[in-house]
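Student: I have the sequence and the coordinates open, and I would like to go through the labels one by one and hear what justifies each of them.

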Amino acid sequence: MKQLLRTTDPTQIIYAKALLSGEDIDCFEMDVHMSVLEGSLGILPRRLMVRDDDLMQARRILKDNDFELEEL
């Protein structure tokens, strides 16, 4: 699995997951439960992971919807 998105904004994760789901791309959200350890302050980023084979298509979908992604 490869990291597609890393953000502290939970709304971006939800939106990205909805976009990817609509294109039948499976994704997995990591670091969701880290907020319990940090006291729910939202300072630790969450990561959205996709399969290696889906990475380029997933990046294109998010960029087409105005997501700012880190360069590979």
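Student: What makes Tyr15 count as partly exposed?

Tutor: This is a predicted model, and in it Tyr15 has a relative accessibility of 41%. Buried means under 20% and exposed means over 50%, so a residue at 41% falls in between and Tyr15 counts as partly exposed.

Student: How do you know whether Phe67 is buried or exposed?

Tutor: Its relative accessible area is 8%; the cut-off for buried is under 20%, and therefore Phe67 is called buried.

Student: Why are the rings of Tyr15 and Phe67 called a stacked aromatic pair?

Tutor: Two values decide this, because a pair of aromatic rings is described by the distance of the centres and the angle of the planes. For Tyr15 and Phe67 the centres are 5.6 Å apart and the planes make 20 degrees. Rings pair if their centres lie within 6.5 Å, and planes under 30 degrees apart count as stacked, so both conditions are met and the pair is called stacked. The structure holds one aromatic pair.

Student: Which parts of the chain does this pair tie together?

Tutor: Tyr15 lies in helix H1 (residues 10-22), whereas Phe67 lies in the segment after helix H3 (55-64), so the pair ties together parts that are 52 residues apart in sequence.

Student: What is the order of the strands in the sheet, and how do they pair?

Tutor: The three strands form an open sheet in the order S1-S3-S2, with antiparallel pairing. Strand S1 (2-7) and strand S2 (27-30) are called edge strands because each pairs on one side only. On average, and with direction ignored, neighbouring strands of this sheet are turned by 25 degrees against each other.

Student: How do you know that S2 and S3 really count as paired?

Tutor: Four bridges join S2 to strand S3 (residues 46-50). At least two bridges are required for pairing, so four satisfy the condition. Among the partners, Glu29 has Leu48 in S3 as its bridge partner, and Met30 stands opposite Arg47 in S3.

Student: What makes S1 and S3 a pair as well?

Tutor: They are joined over five bridges in the antiparallel sense, and since at least two are needed, S1 and S3 are therefore counted as paired. On this side of S3, Gln3 stands opposite Met49.

Student: Which helices pack on the sheet, and which strands do they touch?

Tutor: H1 packs on the sheet and touches S1, S2 and S3, with a direction that makes about 15 degrees with that of S3. H3 also packs on the sheet, touching S1 and S3, and its direction makes about 30 degrees with that of S1. Along the chain, the elements run β-α-β-α-β-α from the N terminus on.

Student: Why is Thr7 called buried?

Tutor: Thr7, which is placed in strand S1, has 10% relative accessibility; the cut-off is under 20%, so Thr7 counts as buried. With neighbours within four places in sequence left aside, Thr7 is in contact with Gln12, Ile13, Pro45 and Arg46.

Student: What makes the approach of Thr7 to Asp9 a polar contact?

Tutor: The side chain of Thr7 reaches the backbone nitrogen of Asp9 at 3.0 Å. A polar contact requires a pair of N or O atoms within 3.5 Å, so this distance satisfies the cut-off.

Student: How do you know whether Asp24 is buried or exposed?

Tutor: Asp24, in the loop between H1 and S2, has a relative accessible area of 68%. Exposed means over 50%, and so Asp24 is called exposed. From Asp24 to Asp54 there are 30 residues in sequence and 9.9 Å in space, C-alpha to C-alpha.

Student: What is noted about the phi values of Asp31 and Asp66?

Tutor: Asp31 has a positive phi of about 70 degrees although it is not a glycine, and Asp66, likewise a residue other than glycine, has a positive phi near 65 degrees. Asp31 lies in the loop between S2 and helix H2 (34-38), while Asp66 is found in the segment after H3. At 29% relative accessibility Asp31 is between the two cut-offs of 20% and 50%, so Asp31 counts as partly exposed. Asp66 has 72%, which is over 50%, so Asp66 counts as exposed.

Key. Residues numbered from 1 in each chain as written. Predicted model: local features only at pLDDT ≥ 70, side-chain atom pairs only at ≥ 80, totals over all residues. Heavy atoms only, no water. Phe/Tyr/Trp six-rings, centres within 6.5 Å; stacked < 30°, edge-to-face > 60°. Buried < 20%, exposed > 50% of the residue type's maximum accessible area, 1.4 Å probe, protein only. Axes fitted to C-alpha atoms, helices over the stretch in contact; angles between N-to-C directions. Contact = heavy atoms within 4.5 Å. Polar contact = N/O pair within 3.5 Å; in protein donor to acceptor, adjacent residues only side chain to side chain.
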